[in-house]
Amino acid sequence: LLCVKIVNAAPVVTSMSSWNAPTSGLSAVSLFGSGFDNPLVVRMGGTSTSSLNWLSSTSISCIVAPGSGGTEELVITVGLSVTSALGFFTFDSPSPLLFLNSNMPTSGASSNTLTGVNFGQFDISGTNRQIYTMSEATIWVSQTSILCKMSNGVL
């Protein structure tokens, strides 16, 4: 009778496609290293990633949920083996720079463009407040641009 005990080596991350992401929106990240065998769980800042795509035992891709800003812990679990690295991934807060078309009519609605950085890599249900009024709708255009539909007389 031959008994064989198979133990997965702890996963090792040697590089990533991105070391940080915005605090709003979702971000696609690829991790490279070794020991990425199934079953696999990846967490960034305590939150499981979504759309985890196992490419090989040396590369995976996933979608990172928005974070809270600052440095976060990366945790990779393969079977019973766990690897964690504090300060491996950071989240940057969105930073508005310029609001285009700030002169709006007092009746009817208008669309305005908010430009800046770190608005995320994917469309999400973001919100925008101008002075004291919440936007009726926001449409993600890019990591640097959001279209805001405003009610009449907001400014």
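This report describes the strands, sheets and selected residues of one predicted protein model.

Because the model is predicted, local features are reported where pLDDT is at least 70 and side-chain atom pairs count only at pLDDT 80 or more, whereas totals for chains, interfaces and linings use all residues. Residues are numbered from 1 along each chain as its sequence is written, and side-chain values use heavy atoms, with hydrogens and water left out.

**Overall composition**

The secondary structure of the protein comes to zero helices and 15 strands, where helices (H or I, at least four residues) and strands (E, at least two) are DSSP runs numbered from the N terminus. Of the 155 residues in the protein, 32% are buried; here buried means under 20% relative accessible area, exposed means over 50%, and partly exposed lies in between, with a 1.4 Å probe and protein chains only. The accessible surface, calculated by the Shrake-Rupley method with a 1.4 Å probe and, for residues, with only the protein chains shown counting as cover, comes to about 8700 Å², and 56% of this surface belongs to carbon and sulfur atoms. Among contacts in the protein with a separation of 6 or more, 54% are accounted for by residues 24 or more positions apart, a contact being heavy atoms within 4.5 Å.

**The four-stranded sheet**

Four strands form an open sheet in the order β1-β3-β7-β6, and their pairing is antiparallel; two strands are said to pair if DSSP finds at least two bridges between them. The edge strands of this sheet are β1 (12-16) and β6 (50-56), each of which pairs on one side only. From one strand to the next the twist averages 30 degrees, with axes taken as lines fitted to C-alpha atoms and angles running from 0 to 180 degrees between N-to-C directions.

Strand β1 is joined to β3 (residues 27-34) by four bridges, and V13 stands opposite G33 in β3. On the pairing of β3 with β7, six bridges are found in the antiparallel sense, and F32 has S59 of β7 as its bridge partner. S59 lies in strand β7 (residues 59-64) and is buried, with a relative accessible area of 12%. Leaving aside neighbours within four places in sequence, S59 is in contact with L31, F32, F36 and W54. In the edge strand β6 lies S51, a residue other than glycine whose phi is nonetheless positive, near 50 degrees.

**The five-stranded sheet**

A second open sheet is formed by five strands in the order β2-β9-β8-β4-β5, with mixed pairing. Its edge strands are β2 (20-22) and β5 (47-48), each pairing on one side only. Strand β2 runs parallel to β9 (residues 81-92), and three bridges join them; the bridge partner of A21 in β9 is F91. S81 also has its place in β9, and although S81 and A9 are 72 residues apart in sequence, their C-alpha atoms are 6.7 Å apart in space.

**Strand β11 and a surface patch**

Strand β11 (residues 110-117) shows alternating side chains: S110, N112, L114 and G116 point to one face and are buried, while S111, T113, T115 and V117 point to the other face and are not buried. β11 pairs with strand β15 (residues 145-150) in the antiparallel sense over six bridges, and the bridge partner of L114 in β15 is I146. V117, which is found in β11, joins L97 and L98 in making a nonpolar surface patch of about 280 Å². Such patches are made of residues with over 30% relative accessible area and no salt bridge, like charges being joined within 9 Å and nonpolar side chains (Val, Leu, Ile, Met, Phe, Trp, Tyr) within 5 Å; a salt bridge is a side-chain nitrogen of Lys or Arg within 4 Å of a carboxyl oxygen of Asp or Glu.

**Accessibility of selected residues**

The table sets out the relative accessibility of some residues discussed above.

| Residue | Relative accessibility | Class |
|---|---|---|
| S59 | 12% | buried |
| S81 | 12% | buried |
| V117 | 34% | partly exposed |
| S51 | 57% | exposed |
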